[in-house]
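Work through the exercises below with the sequence and the structure open. Each task is followed by a solution in steps.

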Amino acid sequence: MAAGAIGGLRQALFHDAFAYRPMPRLRIDGPVVRRLPKRVRARATWAPHAMVVLAALIVFLTGASRTSFPPAEVIAALPAVCVVMTLVRPVGAFWMSLASTPVTAVLGGDGWPWGPSTFFAHLVVLVVVAVRTGPRTAAWMWGLTVLLGTFMENAVWRSGTTTVGMALTSAFALLMVSMVQIRREAEREVTVQRTVTAVERDRRTLLEERTTIARELHDVVAHHMSVVAIQAEAAPYRVENPPPELEQAFVTIRENAVAALTELRRVLGVVRAEGYQAPDAPQPTLAQLDGLLANVREAGLETEKTITGAVRELPQGVELSAYRIIQEALSNTLRHAPGASAKVEIGYVLGGLGLRVVNGPPTGPVKPSPGAGHGITGMRERVAMLNGDMTAEATGEGGYEIAAFIPVQADPESQEQDGTRGAGPVGFGKTERAEQADRA
């Protein structure tokens with residue numbers, strides 16, 4: 001314990017004691033400066049420096065008016081210089097103030113060991129240095145100050161000593177400074193911890209959403225692989241006297257399909273949670289969208305559906321992701337915009353599928369919902385998995401809008417017939433040429 005205490009003293013007051021450490025200015029975006037007019041904010045950042053210089057001026061004028069030993073100005077300037085020194089060399093200013101205390105006490109003759117000016121000067125030095133360093137340095141400075149005062153009292157007996165007053169006053173001031181510093185440090189640590197927790201929560205949510213997507217897509221992929229295996233097994237029986245090479249080719253296709261399906265189930269077993277039950281019904285598609293809208297209408301959400309373009313069958317992964325995006329957007333409307341209505345727009349274009357879900361402003365009280373923002377994370381993951389784009393933002397009327405575009409490779413024959421091969425997405429994925437072809 002003694003070695004640790006000595007090491008702390010060395011680190012706090014002896015290591016680079018006279019190093020050049022200028023006091024930083026206040027931040028313009030600070031809690032006080034930002035409330036000031038713009039024309040005075042830059043100057044207000046120098047407020048701590050101005051207060052220290054003002055304190056030094058008060059020390060000098062007080063000492064010069066009460067010191068009788070000539071030259072009075074030189075003796076009064078000594079503690080004032082210590083105060084100003086805290087702006088550039090804080091720990092060195094403390095040692096200078098401590099060393100100058102016996103000198104000013106003997107030559108000034110205005111109090112023992114601290115007169116009014118030196119008392120105020122040393123107190124300002126203690127407070128400023130404590131603010132610029134920390135509670136440990138403040139404790140060591142207070143202990144050395146009390147030790148010096150006690151030694152001077154015992155060395156030369158005089159009436160009216162000020163050591164007790166300095167000890168009590170400085171202890172109160174340093175205690176207040178230390179409490180503020182400890183509270184700020186605790187707030188800083190809490191802020192950092194909250195940031196780390198938020199990042200970890202978002203990362204966990206992202207992994208959970210990806211796991212959910214993997215589970216849902218398993219049913220789609222497993223269905224297709226099973227169809228491939230069954231068709232490969234039945235294909236030789238559809239041809240009369242098939243050649244052996246054809247039969248072997250179909251056997252190889254079936255074996256590869258079964259092996260791929262086995263590996264898919266094995267990989268899915270890693271991401272499945274304990275106790276996960278596979279759904280009995282097939283994964284939903286846009287064909288079941290009317291049932292979803294009916295359910296949300298029963299829950300009190302007025303919805304309106306609009307479909308543009310020629311409705312066609314899309315890949316099941318696209319259908320599933322589109323259904324889930326609309327489902328999550330409507331669920332968010334029920335949670336965060338009670339009493340509002342929602343519009344669902346689906347656009348079938350040559351380049352892909354466009355989705356847009358817009359809700360109006362809430363008309364009822366909005367209750368806090370835990371996990372806000374996680375649904376949007378899942379929607380973004382689904383769109384990104386299909387190389388699409390998505391935006392989620394508030395509308396000017398106070399509602400919220402979810403817009404997504406999922407690219408789907410069009411049939412090459414239809415593109416050649418329409419003359420729209422290579423058309424890029426605009427809006428829901430149409431170019432002007434593609435829109436003209438659709439209208440035609």
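**Exercise 1. A salt bridge between two helices**

Task: Find how far apart the closest N and O atoms of Arg-254 and Glu-233 are, and state which parts of the chain the salt bridge ties together.

Solution. Arg-254 and Glu-233 form a salt bridge in which the closest N and O atoms are 3.0 Å apart. Arg-254 belongs to helix α9 (residues 244-271) and Glu-233 to helix α8, so the pair ties together parts that are 21 residues apart in sequence. Note that the model is a predicted one. The cut-off for a salt bridge is 4 Å between a side-chain nitrogen of Lys or Arg and a carboxyl oxygen of Asp or Glu. Next, look at accessibility. Arg-254 has a relative accessible area of 32%, so it is partly exposed. Glu-233 is also partly exposed, at 43%.

**Exercise 2. A salt bridge within one helix**

Task: Describe the salt bridge between Glu-187 and Arg-183, and classify each of the two residues as buried, partly exposed or exposed.

Solution. Start with the distance: the side chains of Glu-187 and Arg-183 meet at 3.3 Å, N to O. Then place the residues. Both are in helix α8 (residues 163-234), and because they are 4 residues apart, about one helical turn separates them. For the last step, the cut-offs are needed: under 20% relative accessible area is buried, over 50% is exposed, and partly exposed lies in between. Glu-187 has 41% and is therefore partly exposed. Arg-183 has 60% and is therefore exposed.

**Exercise 3. Further salt bridges**

Task: How many salt bridges are counted in the model, and which residues are joined into one network?

Solution. The count comes to 9 salt bridges. One of them joins Arg-335 to Glu-328, with the closest N and O atoms 3.2 Å apart. Arg-335 is partly exposed at 38% relative accessibility, and Glu-328 is partly exposed at 22%. Glu-345, Arg-356 and Glu-401 are joined into one network by salt bridges that share partners.

**Exercise 4. An aromatic pair**

Task: Classify the ring pair of Phe-14 and Trp-95 by its geometry, then locate both residues.

Solution. A pair of aromatic rings is described by the distance of the centres and the angle of the planes. The number of aromatic pairs in the model is 2. For Phe-14 and Trp-95, the centres are 5.2 Å apart and the planes make an angle of 45°, and the pair is tilted. Phe-14 is in helix α1 (residues 2-14) and Trp-95 in helix α5 (residues 90-108); the pair links distant parts of the chain, 81 residues apart. Phe-14 is partly exposed, with 49% relative accessibility. Trp-95 is partly exposed, with 22%. Together with Phe-94, these residues form one aromatic cluster.

**Exercise 5. A strand and its partners**

Task: Is strand β5 (residues 400-407) largely enclosed or open, and how many bridges join β5 to β3 and to β4?

Solution. Of the 8 residues of β5, 6 are buried, so the strand is largely enclosed by the rest of the structure. Strand β3 (residues 352-359) runs antiparallel to β5 and is joined to it by 8 bridges. In this pairing, Gly-352 has Pro-407 as its bridge partner. Strand β4 (residues 389-394) also pairs with β5 in the antiparallel sense, over 6 bridges. Here Thr-391 stands opposite Ala-403. Finally, β4 and β5 form a hairpin with 5 residues between them, and Gly-398 in the turn has a positive phi of about 100°.

**Exercise 6. Helix α3 and a buried serine**

Task: Which residues make the nonpolar surface patch, and which residues does Ser-117 contact?

Solution. The patch covers about 440 Å² and is made by Leu-54, Leu-57, Ile-58, Leu-61 and Phe-120. Helix α3 (residues 47-66) gives the largest share, 4 residues. One residue found in α3 is Leu-61. Ser-117 is in helix α6 (residues 116-132). Ser-117 has 9% relative accessibility, so it counts as buried. Leaving aside neighbours within four places in sequence, Ser-117 is in contact with Val-59, Thr-62 and Gly-63.

Methods:
Residues are numbered from 1 along each chain as its sequence is written. This is a predicted model: local features need pLDDT of at least 70, side-chain atom pairs count only at pLDDT 80 or more; totals for chains, interfaces and linings use all residues. Side-chain values use heavy atoms; hydrogens and water are left out. Patches are made of residues with over 30% relative accessible area and no salt bridge: like charges are joined within 9 Å, nonpolar side chains (Val, Leu, Ile, Met, Phe, Trp, Tyr) within 5 Å. Accessible areas come from the Shrake-Rupley method with a 1.4 Å probe; for residues, only the protein chains shown count as cover. Rings of Phe, Tyr and Trp (its six-membered ring) pair if their centres lie within 6.5 Å; planes under 30 degrees apart count as stacked, over 60 as edge-to-face and the rest as tilted. Buried means under 20% relative accessible area, exposed over 50%, partly exposed in between (1.4 Å probe, protein chains only). Contact means heavy atoms within 4.5 Å. Two strands pair if DSSP finds at least two bridges between them.
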